[in-house]
Amino acid sequence: MVRRAASFIACNGPVTQQDRWEEDGGYSPFTLAVEVAGLLAAAELADAVREFEIASYLRDLADHWNDNIERWTYSANGDLARQIGVDGYYVRIAPPETDCSSSMEDFVVIKNRPRGEDRERASQVISPDALALVRFGLRAPDDPRILNTIKVIDALLRAKLPQGAVWYRYNDDGYGEHADGGPFDGAGIGRPWPLLAGERAHYELAAGNIIGAQELLRTVELSTSGSRLLPEQVWDSADIPERELFLGKPSGSACPLVWAHSEYIKLVRSMKDGKIFDQPPQTVKRYRIEQRRAVYWEWRFNNKCRMVPAGKTLRIAVLAPATVHWSSDDWQTSHDLATRDTGLGIHVADLPTAQMDPGDNVLFTFFWPQAQRWEGADFSVQGE
């Protein structure tokens, strides 16, 4: 079961087809945090059953994805960052076509906006999702990029309600009641989620702010109605009694939201332990204590990096056996390298690029022996 789950993540990541809000595909900080943590946990189990080659590949892949999180999801020196007074922030999600050399000024589609409105927003879409990088142990709570992102999150997404601070999913969210309290009908106005107050409390606990975490725990508890059931969203406008909408109390969204109750239970446990009880130890050890960096820079069809940093070995990863036909001198000479099976449905070949200088170029294509055909296109990666 674990092998199949790890294989799915390894074959389909780092891009997700659907983020945790079930709306957009692309590079999500939240999903990347989960993927990397999952790969490392699976590697530990692979070691336990003496599948050492699988474990090695999973850790190499986790390192590569971890090293690229900022390349894929951190927007630096944009208009919004300048307005808030920070040098950058993690975006909610970056388009799936983003690669290592792309600008973070690409567009994502917000699917719950009314037709006729501008349904596309640039990289200025911000979300509390990036706090998962701390929750899952990939980044320290005092990492400057995390602190920058929190400033932007609080400037754009924090709602001050009678029970305390609660956060919106992202700016320009259209999933919620209309201004008159009318129900969501494919468009509306996003409302605050108590779930996100619980997630923020976990961050505050990780940062050592025990009092702040306790206050947020209380905020979650006060976001219920008389039933003590936690809702998906709470109402953030003036009371509309005829629609049973009251400031700070459950809106017409799902109630109970089991996800919110789960977060509340985990928060109570974490407060008792004095730390995030479900934080994976593998990520903390590897990235915050040992500060491991990637050795291999992986190219794959769903993630065609155009640049390979100095000192990194370019790893070609495909989903079937192949011969990689490659050249470092614009096809004046060429070499063939057969892929090897990782045991996870991925076949890899490592090209000797560690000594590449900036501007050097590697060209490659594929021969597929099972189909007895050539790929019919060349690909290139440049030294960075």
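**Exercises on a predicted protein model**

N361 is partly exposed, because its relative accessible area is 31%, and in this text buried means under 20% relative accessible area, exposed means over 50%, and partly exposed means in between, with a 1.4 Å probe and protein chains only. This is a predicted model, in which local features need pLDDT of at least 70 and side-chain atom pairs count only at pLDDT 80 or more, while totals for chains, interfaces and linings use all residues. Residues are numbered from 1 along each chain as its sequence is written, and side-chain values use heavy atoms, with hydrogens and water left out.

**Exercise 1.** Place N361 in the secondary structure and list the residues that it contacts.

*Solution.* Step one is to find the element: N361 belongs to strand β14, residues 361-368, where strands (E, at least two residues) and helices (H or I, at least four) are DSSP runs numbered from the N terminus. Step two is to look for contacts, meaning heavy atoms within 4.5 Å; once neighbours within four places in sequence are set aside, N361 touches S327, S328, M356, S380, V381 and Q382. Step three is to take one of these partners, S327, which is 34 residues away from N361 in sequence, with 8.6 Å between the C-alpha atoms.

**Exercise 2.** Describe the overall dimensions and make-up of the protein, and compare its radius of gyration with that of a compact globule.

*Solution.* Begin with the elements, which come to 10 helices and 16 strands. Next, note that the C-alpha trace spans about 75 × 50 × 40 Å along its principal axes. A compact globule of 384 residues would have a radius of gyration near 21 Å, and the 23 Å of the protein agrees with this; the radius is taken over C-alpha atoms, and the globule rule is 2.2 Å times the number of residues to the power 0.38. Then turn to burial: 53% of the 384 residues count as buried. Finally, among the contacts between residues at least 6 apart in sequence, 64% join residues at least 24 apart.

**Exercise 3.** Which parts of the chain are tied together by the salt bridge of R139 with E70, and by that of R191 with D236?

*Solution.* A salt bridge is a side-chain nitrogen of Lys or Arg within 4 Å of a carboxyl oxygen of Asp or Glu, and the structure holds 32 of them. In the bridge between R139 and E70, the closest N and O atoms are 3.0 Å apart. R139 lies in the loop between α5 (132-135) and α6 (144-157), whereas E70 lies in helix α3 (residues 52-73), so the pair ties together parts that are 69 residues apart in sequence. Both R139 and E70 are buried.

The side chains of R191 and D236 meet at 2.6 Å, N to O. Since R191 sits in the loop between β6 (164-167) and α7 (194-206) and D236 in the loop between α8 (210-221) and α9 (258-273), this pair ties together parts that are 45 residues apart in sequence. R191 and D236 are both buried as well. Beyond single pairs, salt bridges that share partners join D19, E23, D24, R92, R169 and D173 into one network.

**Exercise 4.** Are D79 and R82 buried, partly exposed or exposed, and how many residues apart do they lie in their helix?

*Solution.* First locate the pair: D79 and R82 both belong to helix α4 (residues 79-84) and are three residues apart, about one turn of the helix. They form a salt bridge whose closest N and O atoms are 2.5 Å apart. Then read the accessibilities: D79 counts as partly exposed because its value is 46%, whereas R82, at 54%, counts as exposed.

**Exercise 5.** Which residues have the most contacts inside the largest nonpolar core, and what does a second core include?

*Solution.* A nonpolar core is a set of buried Ala, Val, Leu, Ile, Met, Phe, Trp, Tyr and Cys residues joined through side-chain atoms within 4.5 Å. The largest has 72 residues, and those with the most contacts inside it are L58 and W167. Apart from neighbours within four places in sequence, L58 is in contact with A6, L39, A42, A43 and L344. A second, separate core of 20 residues includes V324, A349, M356 and F364.

**Exercise 6.** Work out where V91 and E199 lie, and whether they are buried or exposed.

*Solution.* V91 is in the loop between β2 (88-90) and β3 (108-109), and it is buried, with a relative accessible area of 2%. E199, in helix α7, also counts as buried, at 11% relative accessibility. Leaving aside neighbours within four places in sequence, E199 is in contact with R20, F30, R135 and E263.
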